[in-house]
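This briefing introduces a structure to a reader who has not met it before. Please look over the sequence and the model before turning to the notes.

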There are 2 protein chains.
Amino acid sequence: MRTMPQGVAKSTMLAVVGDSASGKTTLTRGLARVLGEEQVTHVPSDDYHRYDRAQRKVMAITPLNPSANYLDILERDLETLATQRAVLKPTYRHTDGTLGPPEYLQPGPYTVVDGLLCLQTEGLRRLFDCAVYLDPPEEIRRSWKLLRDTTRRGYTTDEVLNEMDRRDRDSARWVRPQRAFSDIVITFRPGARPEDKNLDAEILLRPTLPHPDLTGLAGEGASDLTITSLPHGEQLLSVPGTLPAGRAQAIEEAIWDRLHFARHLQLDRLGQFTRGVELFRSDALAITQLLVLYQLVTARATRALDVAGAPLRGPERS
Amino acid sequence: MRTMPQGVAKSTMLAVVGDSASGKTTLTRGLARVLGEEQVTHVPSDDYHRYDRAQRKVMAITPLNPSANYLDILERDLETLATQRAVLKPTYRHTDGTLGPPEYLQPGPYTVVDGLLCLQTEGLRRLFDCAVYLDPPEEIRRSWKLLRDTTRRGYTTDEVLNEMDRRDRDSARWVRPQRAFSDIVITFRPGARPEDKNLDAEILLRPTLPHPDLTGLAGEGASDLTITSLPHGEQLLSVPGTLPAGRAQAIEEAIWDRLHFARHLQLDRLGQFTRGVELFRSDALAITQLLVLYQLVTARATRALDVAGAPLRGPERS
């Protein structure tokens, strides 16, 4: 087991939920890079599929159906990782849709769980320090899914399109309702004008967690950060893809200021994403990731204080 | 989950430990038949092998080495089954020595765990209501192993013989010391005369559990049950393979008398075993199985009393 900061006995748990190809991996990969790959235990909940691709075809069931997943085992394994003990995680091979031998997974200070149904049950929901729902417009998600599944998961275009139609009902029934149980809802969408090549980010912050107050940083106009107060204490942050680089940097700095005790994490590795095999960077993605990172680091620091009953010391001073 | 007798929340746990081909399956199969296959959750601890056969060959490690097994996960899974929750058990395919996808295992009133290392750790040992060690003479075990591994596990004779030599040191180091942690030690050995075709059973009963008192049933001579008191409260029962059928029946009856509340289990299905593909019956095996069954049924009944705080009622009267 890895060395843990003294007094911190529990792994900090993040759920990233959304339909297939909604951008879960893009979001979490950047977080793992910043926190340190060796600090993060990654649990793709797709690994808990009960049936392989061939069985699902025969049964006419999609992996979005909770009964097609071992959600009870997922919950147990996450409880185990949360208390810093190893698990033997099942595996699902996306490349050919078969179930493989399980993998031994070491616990880590951070546990990042992404998948279709991570917030499906009350038992799962109570495990997470922060829950994120990815909510791209359906036409964007479909184009992402088509690209990925035909290039990396061995499906033909026809198969992906047919599968998406079959999944639609199950997504409405099982995946989308989980939006209600998330602390942060993220939507990436194309800019208003055809020439805007970077996606806009809309970030809904729910009062279920304390978020950094960025109202002093809001600007005006279509190319700046805007913050809208919504009923029930919700805030909507709009980060346009056309945000000037200097403004993006100022916003990121402001969030880092509020994470002063975790300043050693600040490296320029947020905001990266791939499209096909090309690597890009997006300020809107970086700011989105930083708002999630804020929750993880804060939850961990708060728990360290609770457990240790002493003022927090950053790793560089301990 | 299966319906449980009211107030009984915990599965009754049996460990059957012994070297490869020491007769573990022969012992447990009869118990499962008597208790009812659907009442027994069977966990072969070989399924928790960390490496497949090819990996072990490269690493020059035998499966008898604790580090070649996920004993931490085995312990966790048994704790989970003990409290009547399902697990996703890994699988090891003896036919070709590969690791397979995991299997979903429902909890049951009885959990029977057999394998090489079930009593290896303190954490494992404290889980069991009864622990049995199988201790056949080495030359008998080798002949059993040779027969089984060449007929059912895809090894050549040469491979089995080489493997056994390699295993010997590990067996002495890791498997045999577990004898000390068992409540019952069972040795099947050939009779004294070449014409005795049935094996004798020697059953060492340790005072770590209350065993049925059979001293009144002991006879005299080489063809009857003899009971020897040993130091430290241990008793050695010798059941010769030449025991007359009438005597065997009287002894079995006497044990069943002490299990009067479980009389509904009494069926003539104990004592069966296979050699190659042939089916045989042995009174010595039946009596041995009955002494183990006694522990399981008694542990369960005692716990039912503890939990329910009410007089025990047999299932036929509840």
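The notes below treat the relation of the chains, their contact, the sheets and a pair of helices in turn.

The model is a predicted one. A turn of 180 degrees, with a shift of 0.0 Å along the axis, lays chain B on chain A with an RMSD of 0.0 Å. Each chain holds an open sheet of eight strands, described for chain A and for chain B.

**Relation of the two chains**

- The turn of 180 degrees and the shift of 0.0 Å that bring chain B onto chain A are the relation of a two-fold axis.
- Among the residues of chain B, B:Pro101 comes closest to this rotation axis, its C-alpha lying at 2.2 Å.
- Both copies use the same surface, since 100% of the contact residues of chain B recur in chain A.

**Contact between chain A and chain B**

- The contact involves 13 residues of chain B and 13 residues of chain A.
- On the side of chain B that touches chain A, two or more residues come from each of α3 (71-82), β3 (87-93) and β4 (98-105) of chain B.
- Strand β4(B) supplies the largest share of that side, with five residues.
- Sorted by class, the side of chain B that touches chain A comprises nine nonpolar, two polar and two charged residues.

**The sheet of chain A**

- The eight strands of chain A follow the order β2-β5-β1-β6-β7-β8-β10-β9, and their pairing is mixed.
- At the edges of this open sheet are β2 (40-44) and β9 (226-229) of chain A, each of which pairs on one side only.
- From one strand to the next, the twist averages 20 degrees.
- Strands β1 (residues 12-17) and β5 (residues 110-115) of chain A run parallel and are joined by six bridges.
- Within this pairing, A:Leu14 has A:Val112 of β5(A) as its bridge partner.
- Helix α3 (residues 71-82) of chain A packs on the sheet and touches β1, β2 and β5 of chain A. The direction of α3 in chain A makes about 160 degrees with that of β5(A).

**The sheet of chain B**

- In chain B the open sheet has eight strands in the order β2-β5-β1-β6-β7-β8-β10-β9, with mixed pairing.
- Strands β2 (40-44) and β9 (226-229) of chain B each have a single partner strand, so one side of each is left without a neighbour in the sheet.
- The twist in this sheet averages 20 degrees from one strand to the next.
- Strand β1 (residues 12-18) of chain B pairs with strand β6 (residues 130-134) of chain B in the parallel sense, over five bridges.
- In that pairing, B:Ala15 stands opposite B:Ala131 of β6(B).
- Helix α3(B) packs on the sheet, where it touches β1, β2 and β5 (110-115) of chain B. Its direction makes about 160 degrees with that of β5(B).

**Helices α5 and α6 of chain A**

- The axes of α5 (residues 138-152) and α6 (residues 157-175) of chain A come within 9 Å and cross at roughly 135 degrees. This angle makes α5(A) oblique to α6(A).
- The crossing in which α5(A) passes α6(A) is right-handed.
- From α5(A), the residues A:Arg142, A:Lys145, A:Leu146, A:Asp149 and A:Thr150 meet A:Thr157, A:Val160 and A:Met164 of α6(A).
- The residues of this contact are three nonpolar, two polar and three charged.

**Helices α5 and α6 of chain B**

- In chain B, the axes of α5 (residues 138-152) and α6 (residues 157-175) come within 9 Å, with a crossing at roughly 135 degrees. Helix α5(B) is therefore oblique to α6(B).
- Helix α5(B) passes α6(B) in a right-handed crossing.
- The contact brings together B:Arg142, B:Lys145, B:Leu146, B:Asp149 and B:Thr150 of α5(B) with B:Thr157, B:Val160 and B:Met164 of α6(B).
- By class, the contact of α5(B) with α6(B) is made up of three nonpolar, two polar and three charged residues.

How values were computed:
Residues numbered from 1 in each chain as written. Chains lettered and ligands numbered in written order. Predicted model: local features only at pLDDT ≥ 70, side-chain atom pairs only at ≥ 80, totals over all residues. Axes fitted to C-alpha atoms, helices over the stretch in contact; angles between N-to-C directions. Helix = DSSP H or I, 4+ residues; strand = E, 2+ residues; numbered from the N terminus. Parallel < 35°, antiparallel > 145°, perpendicular 65-115°, else oblique. Left-handed = near helix turned anticlockwise from the far one by under 90°. Contact = placed C-beta atoms within 7 Å. Nonpolar A, V, L, I, M, F, W, Y, C, P; charged D, E, K, R; others polar. Pairing = 2+ DSSP bridges. Least-squares fit on C-alpha atoms with pLDDT ≥ 70 in both.
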